[in-house]
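Me: I am new to this structure and would like a close look at one part of it. Could you take me through that part step by step, in plain words?

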Amino acid sequence: MNKADDIRGWFEVAGGQSAVGRRIGRHPSTINKAISEGKLPPAWFSALSEIGQEVGHSVDPAWFGFVTARAAS
């Protein structure tokens, strides 16, 4: 498992909660609370996806409560 495969690890790889928070206009305590709850606000998806592209580690849509379709059978 890659360090960036979980929410907390992704934030570490992306520069830390404070750095990411500054980039998306959120206080580090807000970031920490979302990480602790295990679900990120869907409004952050686009910004965190951009940061993920920059650092070479994509975000998982499930972290935001999004569902993905299964392969057709």
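Where does Asp-5 lie with respect to helix 1? From there, please take me on to helix 2 and the helices it meets.

Reply: Happy to help! Please keep in mind that this is a predicted model.

Let's begin with your residue. Asp-5 sits in the segment before helix 1. Its relative accessibility is 43%, so Asp-5 counts as partly exposed. Along the sequence, 56 residues separate Asp-5 from Pro-61, while in space their C-alpha atoms are 12 Å apart.

Now for helix 2, which spans residues 17-24. One of its residues is Ala-19. With a relative accessible area of 22%, Ala-19 is partly exposed, because buried means under 20%. Ala-19 and Arg-70 are 51 residues apart in sequence, and 35 Å lie between their C-alpha atoms.

Next comes the meeting of helix 2 with helix 3. Helix 3 covers residues 28-37, and its axis comes within 8 Å of the axis of helix 2. The two axes cross at roughly 110 degrees. An angle of 65 to 115 degrees counts as roughly perpendicular, and that is therefore how helix 2 and helix 3 stand to each other. The crossing of helix 2 with helix 3 is right-handed. On the helix 2 side, the residues that meet helix 3 are Gln-17, Ser-18, Gly-21 and Ile-24. Their partners in helix 3 are Pro-28, Ile-31, Asn-32 and Ile-35. Sorted by character, this contact has four nonpolar residues, four polar ones and no charged ones.

Let's stay with helix 3 for a moment. Ile-31, Ala-34 and Ile-35 are its buried residues. Around the axis they cover an arc of only 100 degrees, which puts them on the same side of helix 3. A general point helps here: an α-helix has 3.6 residues a turn, so residues three or four places apart point the same way. The buried residues of helix 3 pack against helix 1 and helix 2. On the other side of helix 3, Lys-33, Ser-36 and Glu-37 are exposed. After helix 3 comes Gly-38, with a positive phi near 80 degrees.

Helix 2 also packs with helix 4. Here the angle is about 125 degrees, and the axes are 10 Å apart. This angle makes helix 2 oblique to helix 4. Helix 2 passes helix 4 in a right-handed crossing. From helix 2, the contact uses Val-20, Arg-23 and Ile-24. From helix 4, it uses Ala-47, Leu-48, Ile-51 and Glu-54. Among the residues of this contact, five are nonpolar, none are polar and two are charged. Ile-24 is worth finding in the picture: this residue of helix 2 takes part in the contact with helix 3 and in the contact with helix 4.

Finally, look at helix 4 itself, residues 45-55, where Leu-48, Ile-51 and Gly-52 are buried. Seen down the axis, these buried residues fall within an arc of 105 degrees, so they line one face of helix 4. The parts that cover them include helix 1, residues 7-13, and helix 2. Gln-53 and Glu-54 are exposed on the other side of helix 4. Just after helix 4, Gly-56 has a positive phi of about 80 degrees.

To put the picture together, helix 2 is roughly perpendicular to helix 3 and oblique to helix 4. Helix 2 also helps to cover the buried residues of helix 4, and the buried residues of helix 3 pack against it together with helix 1.

Notes: Residues are numbered from 1 along each chain as its sequence is written. This is a predicted model: local features need pLDDT of at least 70, side-chain atom pairs count only at pLDDT 80 or more; totals for chains, interfaces and linings use all residues. Side-chain values use heavy atoms; hydrogens and water are left out. Buried means under 20% relative accessible area, exposed over 50%, partly exposed in between (1.4 Å probe, protein chains only). Helices (H or I, at least four residues) and strands (E, at least two) are DSSP runs, numbered from the N terminus. The arc is that of the directions from the helix axis to the C-beta atoms. Contact means heavy atoms within 4.5 Å. Axes are lines fitted to C-alpha atoms, for helices over the stretch in contact, and angles run from 0 to 180 degrees between N-to-C directions. Angles under 35 degrees count as roughly parallel, over 145 as roughly antiparallel, 65 to 115 as roughly perpendicular and the rest as oblique. A crossing is left-handed if the near helix is turned anticlockwise from the far one by less than a right angle, and right-handed if clockwise. Ala, Val, Leu, Ile, Met, Phe, Trp, Tyr, Cys and Pro count as nonpolar, Asp, Glu, Lys and Arg as charged, and the others, Gly among them, as polar.
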